[in-house]
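Dear colleague,

Please find below the sequence and the structure that I promised to pass on to you. After them I have written out what I found, in an order that I hope is easy to follow with the model open beside you.

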Amino acid sequence: MAHLVIQGGDGQARFELAQGKNVVGRSDEADITIKHNTLSRRHTEISWDGDHATMIDLGSKNGTFFLGLRTKKTVKLSHGDTLKFGDIEAIFYVEEISAAGSINMTRDLGVERTWAIEELGASSSVDLETRLRVLLRVSEVLATPAPMAEVLHKCIELAGTIFAADRLTILLAEGDDLRVAAAVGNVREGERGYSRAIVDRVFGSDTAMRFDDLRADRITGEAHSIRIQDIRCAMAAPLAREGKRLGVLYVDNLVAARSFTDDDLQMLVAFANQGAVALDNALMRAELEDTAVLHRTLMRFFPPATARRLVEQPSLDISTTEMEVTILFSDIVGFTKLSSTLKPIEVLALLNEYFTPMAQVVFANGGTLEKYIGDALMAVWGAPFPQPDGADLALNAAVEMQQALDRMNAMWRERGAPEIAMHIGIHTGKVAFGQIGTDRYLQFATIGDATNVAARICDVADADQIVISADTRARLTRASGTLEALPPTHVKGKTAALELYRVDWESP
């Protein structure tokens, strides 16, 4: 049987759901009539087929809420889910007569999670309604977005107000293991604060369990964690949502056996159900925040498409590997002399104004901005992912950088600011590319002789010039200006002279 327990309006009431569609609304023609001015005549429809339940809003004015969030789509309902129709609060629950002393989570392809609970006796109905009012309050508190630490604190604090237990512990999953995330109560020195035997059984079976007298229990009575801590009775429920095993909620009593009832176990399950929603939401928020921070960090170095590809990888593990890349070095000509005529703050403002469009040009052409070195900029094509047209993109970026500087100089000239000139060197070759530093302070770098050669070619170029190596020229597939061969050129660190070409980027 499935029921709605209503809190609010004209009071408290329990409605059994009929097989098929059940319309909740203010109208006398509704299947579940609730006379309250915040409900529409036909407010919400709940469908029940004996095993599964779904809910959909019928275009109500004041909305239908599922787990604290307004919804207009069809949602699947599970035992313990909190609902709201206008200002009327409710809980959906499922009853099934069972001889078992445990509450089991059943799974199938058609429902995300369904709880089967023992038949409630008439004597417990008033107490159940009281507990449901408490649980509704718990749902409101836990539905408020909060960081993981705050959610854990709220969960353990609220659980302490509901259960007459000596110790309460929340354990979160780390792979196939569990770690204590929050705990309150009487934990003696050297103790875990929970029974590992019970927690492992609950976590491994996805089954909420109650143990009335652990000393007399043939299965658990000999467990080391129970004997050494002298635990008399305990309960534990899995924290799970949509097939994800998040952890375990555990409570125990060190003094008296049979301290917990069936109602306590049912309450623990419902509480764990709501706590799992809050914990899962907090985990997702933390993951999204971490992803956003990582994305912002990557956007400083990589073009948007590359940054997205790195973020979407299962793990950001770019091992050091040898790759062929095209490297661009740009440098401001006579920067040392220029900076001696300006105040430090003016130099910084000039560099920021200069580097902004330069970086934009690099990213627009699919390049990776590896680093700034004083007034120099180093960009790479072909890492972290291969780019067959990397040489073309790098040369195109160099031309656009010179053109962007022409526009900046015209602007600076109008306001009486000093003009600057830039020279650029480009080389293609093998490098070692990989991550340097730690996961929290990652940086990507290209190491190798090709990097040094690109810097030396930049030194060869005069003001306003772009000079490329023969290796880069050999990989060009389209023209980006006329190439003029330079005489064989010796550079520092190389025995043989380099074959270089100057790009006439100013020609149409």
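Phe 271 is buried, with a relative accessible area of 1%, and its place is in helix 5. The model is a predicted one, so please read this and everything that follows as a description of a prediction. Although Phe 271 and Ala 159 are 112 residues apart in sequence, their C-alpha atoms lie 7.7 Å apart in space. Met 267 also lies in helix 5, which covers residues 262–299, and Met 267 is buried too, at a relative accessible area of 5%. With Ala 159 as the partner once again, Met 267 is 108 residues away in sequence and 9.9 Å away in space, C-alpha to C-alpha.

Turning to the protein as a whole, there are 11 helices and 26 strands, and buried residues make up 50% of its 508 residues. If you take the contacts between residues at least 6 apart in sequence, 59% of them join residues at least 24 apart.

How far the predictor trusts the model varies along the chain, and the average pLDDT of the protein is 79, with 76% of the residues scoring at least 70. Confidence is highest in strand 24 (residues 466–469), at a mean of 95, and lowest in strand 13 (residues 111–116), at a mean of 25. Over residues 96–127 the pLDDT is below 50, and in the model this stretch has 69 contacts beyond near neighbours in sequence.

Next comes the interior. In soluble globular proteins, nonpolar side chains tend to be buried together. Here the largest nonpolar core has 38 residues, and those with the most contacts inside it are Tyr 354, Met 358, Leu 377, Met 401, Ile 426 and Ile 466. Among the elements that give two or more residues to this core are helix 8 (344–364), strand 21 (376–381), helix 9 (390–414), strand 22 (422–437) and strand 24, and the largest share, 11 residues, comes from helix 9. Leu 377 is a good residue to click on, since leaving aside its neighbours within four places in sequence, Leu 377 is in contact with residues including Leu 328, Phe 355, Met 358, Val 362 and Met 401. There is also a second, separate core of 34 residues, which includes Cys 155, Ala 165, Ala 182 and Cys 233.

Two of the helices are worth following from end to end. Helix 9 has 25 residues and reaches 36 Å from its first C-alpha to its last, close to the 36 Å expected at 1.5 Å a residue, and just after helix 9, Gly 416 takes a positive phi of about 80°. Helix 10 (residues 449–460) has 12 residues and reaches 17 Å between its first and last C-alpha, close to the expected 16 Å.

Where do the buried residues of helix 10 fall when seen down its axis? The residues concerned are Ala 450, Thr 451, Val 453, Ala 454, Ile 457 and Cys 458, and they fall within an arc of 160°, so they line one face of the helix. It may help to recall that an α-helix has 3.6 residues a turn, so residues three or four places apart point the same way.

In helix 11 (residues 470–474) you will find Thr 472, which is buried, with a relative accessible area of 0%. The side chains of Thr 472 and Thr 428 are joined by a polar contact of 2.9 Å. Leaving aside neighbours within four places in sequence, Thr 472 is in contact with Thr 326, Ala 391, Ile 426, His 427 and Thr 428.

Finally, two aspartates deserve a look for their backbone angles. Asp 206, in the loop between helix 3 (196–205) and strand 16 (207–211), has a positive phi of about 55° although it is not a glycine, and Asp 206 is buried, with a relative accessible area of 9%. Asp 464, in the loop between helix 10 and strand 24, likewise is not a glycine and has a positive phi of about 70°. Is Asp 464 buried or exposed? At 37% relative accessibility, Asp 464 counts as partly exposed, because that class lies between the cut-offs of under 20% for buried and over 50% for exposed.

With best wishes

Note on methods: Residues are numbered from 1 along each chain as its sequence is written. Side-chain values use heavy atoms; hydrogens and water are left out. pLDDT is the predictor's confidence in each residue, from 0 to 100. Helices (H or I, at least four residues) and strands (E, at least two) are DSSP runs, numbered from the N terminus. Contact means heavy atoms within 4.5 Å. Buried means under 20% relative accessible area, exposed over 50%, partly exposed in between (1.4 Å probe, protein chains only). A nonpolar core is a set of buried Ala, Val, Leu, Ile, Met, Phe, Trp, Tyr and Cys residues joined through side-chain atoms within 4.5 Å. The expected span of a helix is 1.5 Å times one less than its number of residues. The arc is that of the directions from the helix axis to the C-beta atoms. A polar contact is a pair of N or O atoms within 3.5 Å; within protein, one must be able to donate a hydrogen and the other to accept it, and residues adjacent in sequence count only if both atoms are side-chain atoms.
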